[in-house]
Amino acid sequence: MKSVRSLRPVRRQFMLKSFLLTLPLLGLGACMVGPKYHAPKPWSPPHFDTHARENGQTSPLSVVTELPFDDAWWKSFHDPVLASLEERVAKQNLAFELATANLAQSRAQMMIAGAERFPALSAQGTYARTQNSTKQLEEIIHRIGKKSPGLVSPGDVKVPVLNQWQYSIDATYEVDLWGG
């Protein structure tokens with residue numbers, strides 16, 4: 001006699017197979033509309049689709065014209081409330097201003113990202129003018145004088161002004177071998 005545990009996988013497979021077989025049948029039944037179905041005819045007034053011309057011929061109501069489009073279309077309604085709303089929207093169109101700012105930001109980021117394709121140049125320059133105090137110079141001469149007496153006396157030396165210039169120009173370029 002088989003145990004209950006050994007029958008569970010068999011029962012589960014049987015249920016899965018029967019479900020998968022009945023699913024397409026249910027799907028086909030859902031597509032059926034009915035045996036007496038007839039498509040409805042759309043109704044509209046006779047003057048809605050076409051209009052009569054002077055000579056009795058008919059033409060569609062929507063006719064392409066070469067007239068320019070009026071940007072202030074709302075003024076044709078002669079409604080002061082609508083006109084004031086349109087003016088306020090035109091002045092305070094924050095969504096348009098936000099879209100314009102986002103476009104400018106994305107173009108700036110595109111330019112920054114594209115700048116990496118070109119060599120980078122940098123230049124730097126510094127200038128420093130210094131003069132040591134007489135006290136420091138006397139101390140230095142005193143130290144030198146101890147090692148070699150009679151060489152220089154502190155009163156004979158003037159404190160010089162030191163001008164120091166530093167400059168550099170760098171050019172760098174990164175070759176992209178892998179296309180990243």
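**Exercise 1.** Determine which helix of this predicted model holds L20, and which nonpolar surface patch includes this residue.

*Solution.* Step 1: locate the residue. L20 belongs to helix α1, which covers residues 4-30. Step 2: identify its partners at the surface. L20 joins L16, F19 and L23 in a nonpolar surface patch. Step 3: state the area. The patch formed by these residues amounts to about 410 Å².

**Exercise 2.** Decide whether the span of helix α3 agrees with the expected value.

*Solution.* Step 1: count the residues. Helix α3 runs over residues 80-91 and has twelve residues. Step 2: find the expected span. The rule is 1.5 Å times one less than the number of residues, and for α3 this gives 16 Å. Step 3: compare. The end C-alpha atoms of α3 are 16 Å apart, so the two values agree.

**Exercise 3.** Describe what is found at the start of α3 and in the loop before this helix.

*Solution.* Step 1: examine the helix start. There, a side-chain oxygen of D79 comes to within 3.3 Å of the backbone nitrogen of V81. Step 2: turn to H78, a residue of the loop that links β2 (58-60) to α3. Its phi is near 55 degrees, which is positive although the residue is not glycine. Step 3: classify H78. Its relative accessible area is 70%, and the cut-off for exposed is over 50%; therefore H78 is exposed.

**Exercise 4.** Is L82 buried, partly exposed or exposed, and which residues does it contact beyond its sequence neighbours?

*Solution.* Step 1: place L82 in helix α3. Step 2: apply the limits. Buried requires under 20% and exposed over 50%; L82 has 23%, so it is partly exposed. Step 3: list the contacts. With neighbours within four places in sequence set aside, L82 touches W74 and F77.

**Exercise 5.** State how the secondary structure elements are ordered and what share of the residues is buried.

*Solution.* Step 1: count the elements. The protein contains five helices and four strands. Step 2: read them along the sequence, which gives α-α-β-β-α-α-β-α-β. Step 3: consider burial. Of the 180 residues, 4% are buried.

How values were computed: Residues numbered from 1 in each chain as written. Predicted model: local features only at pLDDT ≥ 70, side-chain atom pairs only at ≥ 80, totals over all residues. Heavy atoms only, no water. Helix = DSSP H or I, 4+ residues; strand = E, 2+ residues; numbered from the N terminus. Buried < 20%, exposed > 50% of the residue type's maximum accessible area, 1.4 Å probe, protein only. Contact = heavy atoms within 4.5 Å. Patch = residues over 30% accessible without salt bridge, like charges linked within 9 Å, V, L, I, M, F, W, Y side chains within 5 Å. Areas by Shrake-Rupley, 256 points an atom, 1.4 Å probe, with all protein chains shown as cover. Salt bridge = Lys/Arg side-chain N within 4 Å of Asp/Glu carboxyl O. Polar contact = N/O pair within 3.5 Å; in protein donor to acceptor, adjacent residues only side chain to side chain.
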